[in-house]
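Please consider the structure shown below. The paragraphs that follow lead from the chain as a whole to individual residues.

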Amino acid sequence: MEKKITENTTIFEAIQINPNAGDILMSYGMHCLGCALAHGETVGEAAEVHGADLEKMLEELNNF
């Protein structure tokens, strides 16, 4: 069964689930994927900080 990326998935986990997640997140202005926060920050938290449309971003992240 495929894992689904949710607002509670950490950025680190999202990249493990979807190899294209890094490119998708960077397209939303999240350029610090290698920083320490990426290991503990959730996709939802990152979307909020960067003013991204969470639902649209999740749709893209799960389209693999």
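Of the 64 residues in the chain, 41% are buried. The model under discussion is a predicted one. In this model the chain contains five helices and zero strands, so that the order of elements from the N terminus reads α-α-α-α-α.

The overall dimensions may be taken next. Along the principal axes, the C-alpha atoms occupy a box of roughly 30 × 20 × 20 Å. The radius of gyration of the chain is 10 Å, which agrees with the value near 11 Å that a compact globule of 64 residues would have. The accessible surface amounts to about 4100 Å², and carbon and sulfur atoms contribute 52% of that area. Among the contacts with a separation of 6 or more, 61% join residues that lie 24 or more positions apart.

One helix pair can be described in detail. At what angle do helix 4 and helix 5 pack? The angle is about 130°, and the two axes are 10 Å apart. An angle between 115 and 145 degrees falls outside the roughly perpendicular and roughly antiparallel ranges; helix 4 and helix 5 are therefore oblique to each other. Their crossing is right-handed. On the side of helix 4, the residues that take part are Val43, Gly44 and Ala47, and these meet Leu54, Met57, Leu58 and Leu61 of helix 5.

Leu61 deserves a closer look. This residue belongs to helix 5, and its relative accessibility is 0%, which places Leu61 in the buried class because that class covers values under 20%. Beyond its sequence neighbours up to four places away, Leu61 touches Ile5, Asn18, Ala21, Ile24, Leu25 and Val43. One of these partners, Asn18, is 43 residues away in sequence, yet the C-alpha atoms of Leu61 and Asn18 are 7.0 Å apart.

From the side of Asn18, the setting is a loop, the one between helix 1 (11–17) and helix 2. Is Asn18 buried or exposed? Asn18 is buried, with a relative accessible area of 1%. Apart from neighbours within four places in sequence, its contacts are Ile5, Ile24, Glu60, Leu61 and Phe64. For the first-named pair, Asn18 and Ile5, the sequence separation is 13 residues and the C-alpha atoms are separated by 8.5 Å.

Another loop residue is Thr42, located between helix 3 (37–40) and helix 4 (43–50). Its relative accessibility of 14% means that Thr42 counts as buried, the limit being under 20%. Which residues does Thr42 touch, if those up to four places away in sequence are not counted? They are Glu7, Asn8, Thr9, Thr10 and Ile11.

His39 lies within helix 3. With a relative accessibility of 48%, His39 is classed as partly exposed. Once neighbours within four places in sequence are set aside, His39 is in contact with Thr10 and Phe12. Thr10 is also among the residues that Thr42 touches. The C-alpha atoms of His39 and Glu13 are separated by 7.9 Å, although their positions lie 26 residues apart along the chain when counted as a separation.

The last residue to be considered is Gly29. This glycine sits in the loop between helix 2 (21–27) and helix 3. It is partly exposed, its relative accessible area being 31%. Gly29 and Ala52 are 23 residues apart in sequence, and their C-alpha atoms are 8.4 Å apart in space.

Methods:
Residues numbered from 1 in each chain as written. Predicted model: local features only at pLDDT ≥ 70, side-chain atom pairs only at ≥ 80, totals over all residues. Heavy atoms only, no water. Helix = DSSP H or I, 4+ residues; strand = E, 2+ residues; numbered from the N terminus. Buried < 20%, exposed > 50% of the residue type's maximum accessible area, 1.4 Å probe, protein only. Contact = heavy atoms within 4.5 Å. Rg over C-alpha atoms; globule rule 2.2 N^0.38 Å. Areas by Shrake-Rupley, 256 points an atom, 1.4 Å probe, with all protein chains shown as cover. Axes fitted to C-alpha atoms, helices over the stretch in contact; angles between N-to-C directions. Parallel < 35°, antiparallel > 145°, perpendicular 65-115°, else oblique. Left-handed = near helix turned anticlockwise from the far one by under 90°.
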